[in-house]
Amino acid sequence: NGNENENGSNNEYIQERDNQNKTQNQNQMYRDQLEIPLLLLEDSQTKVKLGLHIIPSPHSRNSNPYYSYSNSHPNSHPTPNHNPKLCKALTDQMKINNDKDYKYKYPILHLHEDIWRNKSKHPIVKARLLAKLNKIHKHKRWFARNTVVRRIPKQRAIEFLQQHHLWGSTRAKFNYGLFLKSKAKARAKAKAKAISQSKSQSGSNSQAKIKVNTKVKIKTNTQNRNGNVNNEIEEGDDDELLAVATFSPRRHVHRYGSGSNNGNDSDSDNIKGSVPGRGRGRMYRSHELIRYCAKKDEVVVGGITKLLAQFCRDLAPDDIVTCIDRDFGDGDGWAKIGFEKVQLMPPLVMAVGLQQQQQLSQGDGEGDSDSAFASANTHSQLVRHYLVGAGIGTSQENAKFRQERPGMHPKILSELEHAKDDIEATGILVKHGFFPCFDSGVERRMLIVQKSKLGHHCKDKREELGLEEIDIPGHVSVMDIWKDSSPSFPDQYYSSNQGIQFLLEAAAS
């Protein structure tokens, strides 16, 4: 302020500001040291980039960097040092970066060590990484126009999903398969052979050109009035199954914000299917897309769209809901089909343990877990166990049939039932050689069929069933319809086991 008698105070203020700046710089340096390391994968030709977040899985409580012991707790149970929402936060932040003009713009994938080292899941993860980088061989890249859709038996869908889907299989009502037409496969082999011959002869004669007739006449699919594929067309027993999609039974969901009163809200309470005081609404024929995957080493361009189109012709759904595994991307690819984000679940807590320790815990449950780990082979397979969800085996007998989603032993579940908080529940898991791990939160997306490019596939079936068209006002979004629905999907995980419920609440809090 120019007053000489206040120069001293000004100097003190400047010194204090400099000290604050110095402290902030030191804190920034400290934070930089704690930044999460990401392995940047980039294809040199396509310039596709992926940020790979590599997460080591804990092997024992003494060598576990994620847990420490609290002396204030009477039983000295281990408590987590890291935020269970770490993976979720990283994915959320990278999504924000991608939506803005930010220098780090690439999807982030979370790779847990137990998933990478799992003998059955490793080939699937490796193939998904290569597919994300567009590194799948061109001879393993197919187009949907060279495929045909057929309903397949439940057992065949289960076997395919267990071999090619990271989540394995689960119960489903409708199972669809995408088959490569046998002649299309022969044509691809002939083309590959022609290219190989051309390359071999180009070494001796650079001007030599070999032209091989690879054209094969392929019959188009014949369909009946309902759009069902006629299985008697020229397909052959050697048709290769490329992809599988499974769907749930139909659920009748009352979704508000849409109706057929042409925007006359004054008559909304008199509309068939409306609830007094809730405005316009109607019953939706709702299904869930439970699983979809292609063969792990191959890509089918337009495959999921073709499977969904056939499902729409057969069942005429009003909406389809599906879940996205955000550990392997943010699900933006589904937006191109018409699936819009409607819900994000909190991180799901699971438990990882060595296979050898798993067998010990399924015995009498006694003994020190550290000594058991000390004698364990360092190459023992890490196994992820699920605490909630469908298709979980809870005993050693069921584990034979639930190898993709093993649960906890009944003895451990019984102990968890008496846990008083999440710290004690964590201690029970650690005592048996299991350590909590967390995903990045499953994302739910919903497709309003009539508002998508799949809408016209339902026309014939809707006419046959006498179904009215859905009148959705332009200002009503998919999120509006989702939020005002009954019954609705839960936005939190729940377990009847008290200890598991404590763990779920702690991860979501």
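In this predicted model, A351 has P436 of strand 17 as its bridge partner. That pair belongs to a run of four bridges joining strand 15 (residues 349–354) to strand 17, and the two strands run antiparallel. Zoom out a little and you get an open sheet of three strands in the order 16-15-17, with antiparallel pairing. Strand 16 (382–386) and strand 17 (435–438) sit at the edges with a single partner strand each, so one side of each has no neighbour in the sheet. On average, neighbouring strands here are turned by 40° against each other, direction ignored.

Strand 10 (residues 251–256) is another place to look at pairing. With strand 11 (residues 281–294), strand 10 pairs in the antiparallel sense over six bridges, and R251 has S286 as its bridge partner in strand 11. Strand 10 also pairs with strand 19 (residues 485–486), again in the antiparallel sense, over two bridges. There, R255 stands opposite S485.

Just along the chain comes a backbone oddity: S486 and P487 are joined by a cis peptide bond, with omega about 0°. P487 lies in the loop between strand 19 and helix 16. For context, most peptide bonds are trans, and most residues other than glycine have a negative phi.

Now for the helices. Helix 13 takes part in two packings, set side by side here.

| Helix pair | Axes come within | Crossing angle | Citation |
|---|---|---|---|
| Helix 13 (residues 422–431) and helix 16 (residues 498–508) | 8 Å | roughly 115° | |
| Helix 12 (residues 410–417) and helix 13 | 9 Å | roughly 160° | |

Take helix 16 to begin with. The axes of helix 13 and helix 16 cross at roughly 115°, which makes the two helices roughly perpendicular. Their crossing is left-handed. Helix 13 brings D422, A425, T426 and L429 to the contact, while helix 16 brings G499, F502, L503 and A506. By type, the contact residues split into five nonpolar, two polar and one charged.

Helix 12 meets helix 13 in another way. At roughly 160° between the axes, helix 12 and helix 13 are roughly antiparallel, because angles over 145 degrees count as such. This crossing is right-handed. I412, E415 and L416 of helix 12 touch A425, I428, L429 and K431 of helix 13. Here the tally is five nonpolar, no polar and two charged. A425 and L429 turn up in the contact with helix 16 and again in the one with helix 12.

Which residues of helix 4 are buried? In helix 4 (residues 122–132) they are I124, V125, A127 and L129. Their cover includes strand 2 (49–55), strand 5 (108–112), helix 3 (113–117) and helix 5 (154–164).

After helix 4 comes N134, with a positive phi near 60°, and this residue isn't a glycine. N134 sits in the loop between helix 4 and strand 6 (141–143). Is N134 buried or partly exposed? N134 has a relative accessible area of 43%, so it counts as partly exposed.

A316 also has a positive phi without being glycine, near 50° in this case. Its place is the loop between helix 7 (303–315) and strand 13 (319–324). With a relative accessible area of 0%, A316 is buried.

Methods
Residues are numbered from 1 along each chain as its sequence is written. This is a predicted model: local features need pLDDT of at least 70, side-chain atom pairs count only at pLDDT 80 or more; totals for chains, interfaces and linings use all residues. Side-chain values use heavy atoms; hydrogens and water are left out. Axes are lines fitted to C-alpha atoms, for helices over the stretch in contact, and angles run from 0 to 180 degrees between N-to-C directions. Angles under 35 degrees count as roughly parallel, over 145 as roughly antiparallel, 65 to 115 as roughly perpendicular and the rest as oblique. A crossing is left-handed if the near helix is turned anticlockwise from the far one by less than a right angle, and right-handed if clockwise. Contact means heavy atoms within 4.5 Å. Ala, Val, Leu, Ile, Met, Phe, Trp, Tyr, Cys and Pro count as nonpolar, Asp, Glu, Lys and Arg as charged, and the others, Gly among them, as polar. Two strands pair if DSSP finds at least two bridges between them. Buried means under 20% relative accessible area, exposed over 50%, partly exposed in between (1.4 Å probe, protein chains only).
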